[in-house]
Amino acid sequence: APPRGWYLPLVARGTADCDCFDVIEGLVLQGGPEVEVLTGVALHAGLPDAWPTTGVTTVRVLLALQGRWRALGVPAFAQFDNDTCFQGPHQFPDVVGQISRLCLQAGCTPVFTPVKDPSFQAALENFNGRWQTKVWHRFHHSSLRALQGRSAVYIAAARERGAPRAAEAPARHRLPGTWRFDPTLRPCGQLIYLRRTDDQGAVTLLGHVFPVDRHWQHRLVRAEVTLPRGPLRFFALRRRTPESQPLLRETHYELPEHRRALRRCH
């Protein structure tokens, strides 16, 4: 098996950590509402988290991430799938959603993976399975509040058991006490998209189709875009040879200015 985070060289070498986030759907309390659970786990440190709620929205994700990172520190990378609650709306080009903006302002590189792709979701799927076994299926929950309380007990116990692993993980940086998220700040920094090329060797991201390599068809790539004015680089990914990630193509990309005035980053 390839190393943890094999598609991110710094994580694969063990010099940086990555928090991965997902949503468990389809849970229903007896006589109550449907429940969704935002989950999180660090590839190296462990540090699990779970936030049961009546629906995972971008606002709830923003609050959860800020609470987690203030308490535990900020990793070098944060991984999400392409769900709109994480990435933002898909119907418009050049959209940098609020989760990406939060990550960039906190000093963390957001990484977006295809939905439910087993190449990138193994750690999350394992934790999601454990949470459902240890919390959802083991106890009767009379209300959402009861479920949240039971989940919090499980998360605290899991973190205590995993304390030695967390102590040996790559360092996480702390947010200054005065730090505040500003959604109007122009995005600056790097975004990473993990994609599979089509039959023409092209990928779609940020609402545009980018040719990568006509000989690299239906294969995985890591796209790294530096905002606001590029460059955009595509690297080949091979699960069987994770140490080999050659540059396939470099091109220019510039994030357009929006009509609404935005404060520029420093």
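**Salt bridges and helix 2 in the predicted model**

E254 is partly exposed, with a relative accessible area of 41%, in a structure that is a predicted model. The side chain of E254 meets that of R229 in a salt bridge, with an N to O distance of 3.7 Å. This pair links distant parts of the chain, since R229 is placed in the loop between strand 9 (220-227) and strand 10 (232-237), whereas E254 belongs to the segment after strand 11 (247-251), 25 residues apart. R229 is likewise partly exposed, its relative accessible area being 46%.

In total, the structure holds 8 salt bridges, and a network of such bridges links D19, D49, R68, R159 and R172. Within this network, R68 forms a salt bridge with D19, the closest N and O atoms being 3.0 Å apart; because R68 lies in helix 2 and D19 in strand 1 (residues 18-28), the pair ties together parts that are 49 residues apart in sequence. R68 also forms a salt bridge with D49, for which the closest N and O atoms are 2.9 Å apart, and, as D49 lies in strand 3 (residues 46-53), this pair ties helix 2 to a part 19 residues apart in sequence. R68 counts as buried at 3% relative accessibility, D19 is buried with a relative accessible area of 0%, and D49 is buried as well.

For helix 2 (residues 58-72), the 15 residues should span 21 Å at 1.5 Å a residue, which agrees with the end C-alpha atoms being 21 Å apart. The buried residues of this helix include V61, L65, W69 and L72, and helix 2 is followed by G73, whose phi is positive, near 95 degrees.

Technical notes:
Residues numbered from 1 in each chain as written. Predicted model: local features only at pLDDT ≥ 70, side-chain atom pairs only at ≥ 80, totals over all residues. Heavy atoms only, no water. Helix = DSSP H or I, 4+ residues; strand = E, 2+ residues; numbered from the N terminus. Expected span 1.5 Å × (residues − 1). Buried < 20%, exposed > 50% of the residue type's maximum accessible area, 1.4 Å probe, protein only. Salt bridge = Lys/Arg side-chain N within 4 Å of Asp/Glu carboxyl O.
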